[in-house]
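Reader: I am in my first year and still learning to read structures, so could you please take one part of this one and go through it with me slowly? I would like to look closely at the salt bridges.

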Amino acid sequence: MFGKMIQLRYRKINLSVYILLSIGSISSSWVPYSAGYGADTYSKNESPFGISNGDWVAKYWNWDYSLPLDPQTNVITGLKENGCLIQKDNSMVMLADTAFGGVWNQNCTISRNEGILIPIWTGECNAGEKDCLNQPFEGLTKAARGFDLGKVKGLVKVDNFPVATLDAIDYKTNIMNNVTEVYTKQYNATVPNDSHVPNEKYGTFPAAAHGWFVFLKPLQPGNHTVYYQNSVEPTTLSGAGNSNTAQFTYHFKVE
């Protein structure tokens, strides 16, 4: 069951087009979490801007569903080197999904009043999607978590200072510094017919998502870099298809 689900997640993007890193090169760059830097994160018990973590992740996935795939480049439309792929929603700036893979630099202008939602690794399942068709919530959330199986490592830096780290294997999390693991409640997912997510049906469906995220508090005015990376290696539970490497650097002008 999980094997089919994992294959589904990775059909949405041809990662071989733009995965440019080796897992070894990412793994060698892990550095210890530094508590001394001024960048701050929301804790798992906080509700940034009055919205729960789960509801933010639901918003995140509805943005992700809305993104089409460029048929000529097989890359998410809007994702290009030195572009600015973000979503602004109720004082939160959402950054690109690591599942897009590769090494990217983005240049954006944001407000000093906006938080930043950073995905390390996340999966979803909606009832219009192949292998999840008409599933109840229990089946949707189980499938979403199944997409995130594997040996998962993540790192987030702000202005070259580590602020968050993740090290998880299948259903066990060994290290989670300033990272929030989120299981959403059931939400409504709207999937347009040009979405990069390969649904058998398009429209609005019950959905569930899981993932590891960093909820960064607003940055001070000025120029900042937000860097995040992940490395996902397959395990017996995940199946061979569950692998990914990504490095994103966002250069922000905060006004």
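Author: What follows is a close look at the salt bridges, with some words on the chain and the sheet around them.

Before turning to single residues, please keep in mind that this is a predicted model, and that the protein chain averages a pLDDT of 87, with 85% of the residues scoring at least 70. Over residues 1-36, however, the pLDDT is below 50, although this stretch has 106 contacts in the model beyond near neighbours in sequence. Where pLDDT is low, the predicted coordinates should not be read in detail.

As for the chain as a whole, its secondary structure comes to four helices and 12 strands, and 53% of its 255 residues count as buried. Among the contacts with a separation of 6 or more, 74% are made by residues that stand 24 or more positions apart. The accessible surface of the protein chain comes to about 10600 Å², and 49% of this belongs to carbon and sulfur atoms.

Now to the part you asked about. Side chains of opposite charge can pair when their charged atoms come close. The structure holds five salt bridges, and I will take you through some of them in turn.

Let us begin with K88 and E114, which form a salt bridge in which the closest N and O atoms are 3.8 Å apart. K88 lies in strand β1 (residues 86-89), while E114 lies in the loop between β3 (102-110) and β4 (115-126), so this pair ties together parts that are 26 residues apart in sequence. The two partners differ in their cover: K88, at 42% relative accessibility, counts as partly exposed, whereas E114 is buried, with a relative accessible area of 13%.

A salt bridge also joins E181 to R145, and here the closest N and O atoms are 3.8 Å apart. Because E181 belongs to strand β8 (residues 180-183) and R145 to helix α4 (residues 137-147), the pair ties together parts that are 36 residues apart in sequence. E181 is partly exposed, with a relative accessible area of 27%, but R145 is buried, with a relative accessible area of 4%. The helix that carries R145 is itself mostly covered, since eight of the 11 residues of α4 are buried. The buried residues of α4 include R145 together with L140, A144 and F147.

A further salt bridge is made by the side chains of K253 and E255, with a distance of 3.7 Å from N to O. Here K253 counts as partly exposed at 43% relative accessibility, and E255 counts as partly exposed at 47%.

Finally, a look at the sheet helps to place some of the strands named above. Strands of a sheet pair through backbone hydrogen bonds, either parallel or antiparallel. In this model, an open sheet of six strands runs in the order β3-β12-β11-β5-β6-β7, with mixed pairing. Its edge strands are β3 and β7 (172-177), each of which pairs on one side only, and the twist averages 10° from one strand to the next. β3 pairs with strand β12 (residues 244-254) in the parallel sense over nine bridges, and the bridge partner of C108 in β12 is F252.

Conventions
Residues numbered from 1 in each chain as written. Predicted model: local features only at pLDDT ≥ 70, side-chain atom pairs only at ≥ 80, totals over all residues. Heavy atoms only, no water. Salt bridge = Lys/Arg side-chain N within 4 Å of Asp/Glu carboxyl O. Helix = DSSP H or I, 4+ residues; strand = E, 2+ residues; numbered from the N terminus. Buried < 20%, exposed > 50% of the residue type's maximum accessible area, 1.4 Å probe, protein only. pLDDT = per-residue confidence, 0-100. Contact = heavy atoms within 4.5 Å. Pairing = 2+ DSSP bridges. Axes fitted to C-alpha atoms, helices over the stretch in contact; angles between N-to-C directions. Areas by Shrake-Rupley, 256 points an atom, 1.4 Å probe, with all protein chains shown as cover.
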